[in-house]
Every structure is written in C-alpha cells, then in structure tokens.
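Biologist: Before the terms in this description are accepted, I should like each one justified. Please show the reasoning behind every label.

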Amino acid sequence: MDAVRLRTRRMFLADLGRGGIALAVVSFVAACAPASSSPSSPSAATNAPSNGEPSPGPSASEAAASPAAEGSAPAGSAAPEDLAWERVNLGFVSAYLLVRAGEAAIVDTGVEGSEGEIEAALERLGLTWASVAHVILTHRHGDHAGSAPAVLQLAPQATGYAGAADLGGISAPRPLTAVADGDLVFDLRMIATPGHTAGHIAVLDEAAGVLVAGDALGTAGGTLTGSNPSFTEDEAAAAASIAKLGALTFETLLVGHGEPILSGASAQVAALAGG
C-alpha cells in the first residue's frame with residue numbers, strides 16, 4: 001500500500017505540473033469494512049431523459065486560490081483497508097471516485113461528455129472501467145448526471161443508483177436502483193437530503209469520515225454554502241437537510257461545486273446549519 005500511495009502522489013504532482021483540465025486531489029483515509037455490492041433495501045425503476053439545469057460554480061482563479069485544494073488528507077493507521085478518493089475537476093462541477101481494494105464507485109458523472117476525464121482519473125489510480133462496480137448519482141440535474149448514459153455503457157457491469165424521487169429525470173441505458181435514507185452501497189451510507197431536488201442524496205463513508213454532498217452543500221472562495229437557491233426546488237427542505245448533515249460526523253467534505261474541505265468539515269456544516 002505504501003508503494004501505491006507513493007505512486008499516486010507522484011502521478012498527482014505530475015498532473016498538477018502539467019496543468020491538466022482534470023485536477024485530481026487524492027486522499028487516503030481509513031476504512032474498516034469489506035465492500036458491499038448492493039443497498040440494504042433497493043428497488044429498481046426505469047428512467048426518462050434528464051431535464052435538470054447545471055448550477056454555477058467558482059471561477060478557475062477561485063479554484064486555484066483555495067487552500068482546500070492543496071495537499072491530501074493523511075491515511076489512517078488502524079484499519080486494514082484504505083479508502084482512496086479522487087476528485088475529477090470538470091471546471092464548474094466535480095465528479096468523484098471512491099476506491100477500496102481495487103473496486104471503484106463513481107459519485108456523479110458531470111455534464112454530458114465528461115466520460116473521458118473520468119476515464120483519465122481511473123487510469124491515474126491504476127484502474128479501468130472494469131473496476132467500476134457502482135455509479136451513484138446524487139441528483140437528476142444534467143451537470144451531475146449528464147454523462148451517466150456514457151459511463152454506464154463503458155462500465156456495463158456497474159449498478160447505477162439514485163434517490164427514488166429523481167429516477168424519472170435521469171437518462172440511463174438500463175434501469176437504475178432506487179436508494180433510500182440509510183441504505184448501504186459499497187459500505188457507503190446513503191443520506192436522503194431533499195431540497196435541491198426531491199430525490200437528492202448525499203454519500204457518507206462513516207469509517208473514513210468522508211461525505212460527498214452533491215449540491216446539498218457547496219463552497220465558494222473558501223466559504224461553505226448551502227444549496228444554490230437558483231436551482232433549489234424546496235428551500236425549507238434544503239435547510240433541513242443541512243441541519244441533518246451537520247449532525248453527522250465526518251472530517252472531509254466533497255462538494256459538487258467548489259473546493260473540498262479536507263479537515264473539520266462536519267463542525268463547519270453544523271455551524272452553517274446553526275447560523
């Protein structure tokens with residue numbers, strides 16, 4: 001594992017030096033349970049084309065200036081396995097790879113045409129599309145689910161997941177699996193966070209302390225924000241979802257728009273909810 005971490009660090013530094021479009025921030029943190037291939041209580045549904053609109057994000061200069069983009073979180077020392085996460089920076093929106101024991105989950109797929117950047121991120125971790133077993137969509141908007149058809153075609157063995165209320169707004173080459181609050185996929189806890197959309201979900205690795213929040217939370221210029229009001233269906237529900245996330249414990253926050261928060265994240269979310 002030390003050799004893998006060293007190789008990944010070298011690849012990150014090389015990518016950073018080349019100034020590539022897909023900026024990867026790699027973090028190894030502890031995870032302690034074996035992978036799970038399906039949610040605890042799923043149901044399947046067929047999907048219709050997406051009609052979501054992309055949300056605005058920080059400018060390239062803001063992204064470069066944010067201290068949260070620098071470095072990586074330390075690896076845990078007690079657990080027998082590690083979770084690796086990789087950010088796929090698509091400009092104003094990000095997708096994420098969560099990897100454990102050579103198996104990958106993709107959380108969000110970016111706008112249509114983002115599959116090439118996702119593939120490059122897999123390659124940086126020494127993986128291929130055959131390594132992808134799960135594609136989790138936080139919500140139906142096109143900037144998060146736009147490349148779901150292509151990604152699921154390239155990873156034909158992967159199962160796709162989304163919140164039940166958003167399934168009808170997501171285009172996919174095969175039925176997605178509906179997930180509900182508390183379901184487990186790949187030892188990732190599905191957290192129902194309605195508001196931005198009715199079926200919005202966040203994804204929590206409880207052992208590693210990593211939350212992928214989709215658009216329930218964001219950052220702008222280093223400041224934590226809630227769901228963008230311009231694209232939020234129910235602002236009261238969105239505020240309640242922030243309070244729900246603020247009651248959880250996690251160290252790292254990965255957002256759809258803006259830079260990740262690499263330490264002390266749940267305390268910041270709790271403060272946002274209380275403010």
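Biologist: What makes strand β6 (residues 132-136) and β7 a pair?

Modeller: In this predicted model, three bridges join β6 to β7. Pairing requires at least two bridges, so the two strands qualify, and they run parallel. Within this pairing, histidine 134 stands opposite threonine 159 of β7.

Biologist: How do you know that β7 also pairs with strand β8 (residues 176-179)?

Modeller: Three bridges link β7 and β8, again in the parallel sense. The requirement is at least two, therefore this is a pair as well. Tyrosine 161 has threonine 177 in β8 as its bridge partner.

Biologist: Why is strand β7 (residues 159-163) called mostly covered?

Modeller: Four of the five residues of β7 are buried. Each of the four therefore has a relative accessible area under 20%.

Biologist: What is the strand order of the open sheet that contains β9, and what makes some of its strands edge strands?

Modeller: The order is β9-β10-β11-β12-β15, five strands with mixed pairing. β9 and β15 (252-254) each have a single partner strand, so one side of each lacks a neighbour in the sheet, and they stand at the edges.

Biologist: How do you know that β9 and β10 are paired, and in which sense do they run?

Modeller: Two bridges join β9 to β10. The threshold is at least two, so the pair meets it, and the strands run antiparallel. Leucine 184 stands opposite arginine 189 in β10.

Biologist: Aspartate 187 is found in the loop between β9 (184-185) and β10 (188-192). Is aspartate 187 buried or exposed, and why?

Modeller: Aspartate 187 has a relative accessible area of 18%. The limit for buried is under 20%, so aspartate 187 counts as buried. Its phi is near 60 degrees, a positive value in a residue other than glycine. Most residues other than glycine have a negative phi.

Biologist: Alanine 101 lies in the loop between β4 (94-100) and β5 (103-107). Why is alanine 101 called exposed?

Modeller: The relative accessible area of alanine 101 is 70%. Exposed means over 50%, so the label applies to alanine 101. Alanine 101 also has a positive phi, near 55 degrees.

Biologist: What makes the charged end of arginine 100 count as sitting over the ring of phenylalanine 186?

Modeller: The charged end of arginine 100 is 4.9 Å from the ring centre of phenylalanine 186. The distance limit is within 6 Å, and the charge must also be within 35 degrees of the ring normal. Arginine 100 is assigned as sitting over that ring, so both conditions are met. As for pairs between aromatic rings, the structure holds zero.

Biologist: What shows how contacts in the protein chain are distributed along the sequence?

Modeller: Among contacts between residues at least 6 apart in sequence, 69% join residues at least 24 apart. The chain has seven helices and 15 strands, and 52% of its 275 residues count as buried.

Biologist: Which stretches have pLDDT under 50, and why does that call for caution?

Modeller: Residues 1-38 stay under 50, with 89 contacts beyond four places in sequence. Residues 40-80 also stay under 50, with 94 such contacts. Where pLDDT is low, the predicted coordinates should not be read in detail. For the chain, the average pLDDT is 79, and 70% of the residues score at least 70.

Notes. Residues are numbered from 1 along each chain as its sequence is written. This is a predicted model: local features need pLDDT of at least 70, side-chain atom pairs count only at pLDDT 80 or more; totals for chains, interfaces and linings use all residues. Side-chain values use heavy atoms; hydrogens and water are left out. Rings of Phe, Tyr and Trp (its six-membered ring) pair if their centres lie within 6.5 Å; planes under 30 degrees apart count as stacked, over 60 as edge-to-face and the rest as tilted. Buried means under 20% relative accessible area, exposed over 50%, partly exposed in between (1.4 Å probe, protein chains only). Contact means heavy atoms within 4.5 Å. pLDDT is the predictor's confidence in each residue, from 0 to 100.
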